[in-house]
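I opened this entry to keep track of what I looked up, in the order I looked it up.

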Amino acid sequence: MAPDAAFTFAHTEFYEPLELADPGRRYRPTIPPLGWTSRETGVWTQWAPAAAGLPEQGWKVHVSAALADAQHVLDVVAAAAEDFGVPFKHLTGTTFFLTLHGRDADRTRSGKFCALYPPDERVAGAATGRR
């Protein structure tokens, strides 16, 4: 979505950021990582082990999904993230999913459903099945 157009989505009469829109049906891992904390920020929900957060920079693995498979993909991502102790984030709800996967989506954010933040190349490879 063009940057100016994104501000018209949240409210029909005023310019407001997309993250102020109703996220729609919320996504949440069916089995959340045990002892991890979550927080919503913008259009994303972040998950990390207690006392950890998303890194400022480093490795990032993007995961895409079709709308019909989004919950299943989130469950697989959450399980892998927990197994490897890797923080991750996912789109908070279906409204954000549809907006960021639409024809007019901003190309810098489009197509992404989840992102994992492995600490190094070894963990990135192991978490994605490449060694």
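The notes below go from strand pairing to aromatic contacts and then to one helix residue.

**Entry 1: strands.** I am working from a predicted model. I began with strand β1, residues 36-41, and followed its partner: β1 runs antiparallel to β2, and 6 bridges join the two. For the register I noted that Arg 39 stands opposite Gln 46 of β2. I then checked the connection and found a hairpin, with 2 residues between β1 and β2. Gly 42 sits in that turn and has a positive phi of about 65°.

**Entry 2: the other partner of β2.** I looked for further pairing and found strand β4, residues 88-91, which is antiparallel to β2 over 4 bridges. Here Trp 44 stands opposite Leu 91 of β4. I also checked how covered strand β2 (residues 44-49) is: 5 of its 6 residues are buried.

**Entry 3: aromatic rings.** How many aromatic pairs does the structure hold? I listed 5. I took the pair of Trp 36 and Phe 88 and found ring centres 6.2 Å apart with planes at 45°, so I entered the pair as tilted. Trp 36 belongs to strand β1 and Phe 88 to strand β4, so this pair ties together parts that are 52 residues apart in sequence. Both Trp 36 and Phe 88 are buried.

Next I took Trp 47 with Phe 88. Their ring centres are 6.2 Å apart and their planes lie at 5°; that angle is under 30 degrees, so the pair counts as stacked. This pair also links distant parts of the chain, with Trp 47 in strand β2 and Phe 88 in strand β4, 41 residues apart. I looked up the accessibilities: Trp 47 is buried at a relative accessible area of 2%, and Phe 88 is buried at 0%.

I noted one aromatic cluster, formed by Tyr 27, Phe 97 and Phe 113.

**Entry 4: a charge over a ring.** I went back to Trp 44 and asked what sits over its ring. The charged end of Lys 89 does, 4.4 Å from the ring centre.

**Entry 5: Thr 99.** I turned last to helix α3, residues 94-100, which contains Thr 99. Is Thr 99 buried or exposed? Its relative accessibility is 8%, and the cut-off for buried is under 20%, so I entered Thr 99 as buried. I then looked for a polar partner of the side chain of Thr 99 and found the backbone oxygen of Thr 95 at 2.8 Å.

Note on methods: Residues numbered from 1 in each chain as written. Predicted model: local features only at pLDDT ≥ 70, side-chain atom pairs only at ≥ 80, totals over all residues. Heavy atoms only, no water. Buried < 20%, exposed > 50% of the residue type's maximum accessible area, 1.4 Å probe, protein only. Polar contact = N/O pair within 3.5 Å; in protein donor to acceptor, adjacent residues only side chain to side chain. Pairing = 2+ DSSP bridges. Phe/Tyr/Trp six-rings, centres within 6.5 Å; stacked < 30°, edge-to-face > 60°. Lys NZ or Arg CZ within 6 Å of the ring centre and 35° of its normal.
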